[in-house]
Amino acid sequence: GDKFLADPLNPEMANILPAEYKSAVFMIVLKNATDDSPYTQLMKLLDVVETVAEKKIVYNSLGFAHTNELKKKTLEWCTSGEVKLQDFFYPIGSVSASGAKGLNLTWEYLKEHFHRIHKMLESASPSLMAAVVSYSASGFTTDEKASEIEEFFKQNPLESISRKVSQIIENTRATAKFLKRIKTSSDFISSLESIDS
């Protein structure tokens, strides 16, 4: 991975990693980087790859950058108009998938830039907005976050994807309930074990 990222513009480097490994290797390298050079090299790679599939590998990796600043840079870049509409949500998904901090950053970014992103997609397929919302709001595990998401979309309704928004809120509440049940069960089991001792 490091050898590939050191010089992705070299055509000989493009074939070092099989396609099925590239995304995982890129994510690992980005997450463990000590500076911004792997991120910069991946951005340069987008200028030379020839297929949509190769671009998607990069898009799906960028969000795993090692700093929140680079994650935010990814969000800003992919919503700036530089990435084709049919692809711009992949980098959003990668930031969200990078961990709890990435998910929180993505949600905060959507809230802050909601009107601009919504306007950008107003003539596009509703599935694009559904993807953005799903990547930005799915994965939370508390009732408080479910209520926050619900309130946000009451203030900023999206009729064309209202079912998707409802599913996200419902899934968040179900996950929160499940986690509470696990905690209660483990507390109960722990109390029984202490009686045995």
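Biologist: Which residues is serine 94 in contact with, leaving aside its neighbours within four places in sequence?
Modeller: In this predicted model, serine 94 is in contact with Tyr59, Asn60, Ser61, Leu62, Gly63 and Phe64, once neighbours within four places in sequence are set aside.

Biologist: And where does serine 94 sit?
Modeller: Serine 94 is in helix H6, which covers residues 89–97.

Biologist: Buried or exposed?
Modeller: Serine 94 counts as buried because its relative accessible area is 2%, and the cut-off for buried is under 20%.

Biologist: Tyr59 and Leu62 came up there. Which residues of H4 are buried?
Modeller: For H4 they are Ile57, Val58, Tyr59, Ser61 and Leu62.

Biologist: What covers those buried residues of H4?
Modeller: The cover includes helix H2 (19–31), H3, helix H5 (68–78) and H6. Serine 94 belongs to H6, and its contacts include Tyr59, Ser61 and Leu62.

Biologist: Let's take H2. Where is phenylalanine 26, and is it buried or exposed?
Modeller: Phenylalanine 26 is in helix H2. With a relative accessible area of 1%, phenylalanine 26 is buried.

Biologist: How far apart are the C-alpha atoms of phenylalanine 26 and isoleucine 57?
Modeller: Their C-alpha atoms are separated by 8.6 Å, while along the chain the two residues are 31 residues apart.

Biologist: What comes just before H4? Where does threonine 51 lie?
Modeller: Threonine 51 is in the loop between helix H3 (37–45) and helix H4 (52–62). Its relative accessibility is 38%, so threonine 51 counts as partly exposed.

Biologist: What does the side chain of threonine 51 reach?
Modeller: The threonine 51 side chain reaches the backbone nitrogen of glutamate 54, at 3.1 Å.

Biologist: Zooming out, how many helices and strands are in the protein chain?
Modeller: The chain has 10 helices and zero strands. Buried residues account for 41% of its 197 residues.

Biologist: And the contacts between residues at least 6 apart in sequence, what share join residues at least 24 apart?
Modeller: That share is 67%.

Biologist: What about the largest nonpolar core: how many residues, and which have the most contacts inside it?
Modeller: The largest nonpolar core has 50 residues, and Val133 and Phe153 are the ones with the most contacts inside it.

Biologist: What does valine 133 touch?
Modeller: Not counting residues up to four places away in sequence, valine 133 touches Leu110, Ser138, Phe153, Leu158, Ile161, Val165 and Ile168. So Phe153, named with Val133 for the most contacts inside the core, is also one of the residues that valine 133 touches.

Biologist: Any general reason for a core like that?
Modeller: In soluble globular proteins, nonpolar side chains tend to be buried together.

Biologist: Now the outside. Which residues make the nonpolar surface patch of about 270 Å²?
Modeller: That patch is made by Phe178, Leu179 and Ile182. Leucine 179 lies in helix H10 (residues 162–196), and leucine 179 is partly exposed, with 39% relative accessible area.

Biologist: And the surface as a whole, how much does the chain expose?
Modeller: About 11200 Å² is exposed, with carbon and sulfur atoms supplying 54% of it.

Biologist: Switching to charges: how many salt bridges are there?
Modeller: The structure holds six salt bridges. One of them pairs arginine 173 with glutamate 150, at 3.0 Å from N to O. Arginine 173 is in helix H10 and glutamate 150 in helix H9, so this pair ties together parts that are 23 residues apart in sequence.

Biologist: How accessible are arginine 173 and glutamate 150?
Modeller: Arginine 173 is partly exposed at 29% relative accessibility, and glutamate 150 is partly exposed at 28%.

Biologist: Which helix do lysine 145 and glutamate 148 lie in?
Modeller: Both lie in helix H9 (residues 143–155), three residues apart, about one turn of the helix. Their side chains meet in a salt bridge, 3.3 Å from N to O.

Biologist: Is lysine 145 buried or exposed?
Modeller: Lysine 145 counts as buried, at 14% relative accessibility, whereas glutamate 148 is partly exposed at 28%.

Biologist: Which residues are linked in a network of salt bridges?
Modeller: The network links Glu108, Lys111, Lys145 and Glu148.

Biologist: And glutamate 122, what does it form a salt bridge with?
Modeller: Glutamate 122 bridges to lysine 119, with the closest N and O atoms 3.6 Å apart. Both glutamate 122 and lysine 119 are exposed.

Note on methods: Residues numbered from 1 in each chain as written. Predicted model: local features only at pLDDT ≥ 70, side-chain atom pairs only at ≥ 80, totals over all residues. Heavy atoms only, no water. Core = buried A, V, L, I, M, F, W, Y, C linked by side-chain atoms within 4.5 Å. Buried < 20%, exposed > 50% of the residue type's maximum accessible area, 1.4 Å probe, protein only. Contact = heavy atoms within 4.5 Å. Patch = residues over 30% accessible without salt bridge, like charges linked within 9 Å, V, L, I, M, F, W, Y side chains within 5 Å. Areas by Shrake-Rupley, 256 points an atom, 1.4 Å probe, with all protein chains shown as cover. Salt bridge = Lys/Arg side-chain N within 4 Å of Asp/Glu carboxyl O. Helix = DSSP H or I, 4+ residues; strand = E, 2+ residues; numbered from the N terminus. Polar contact = N/O pair within 3.5 Å; in protein donor to acceptor, adjacent residues only side chain to side chain.
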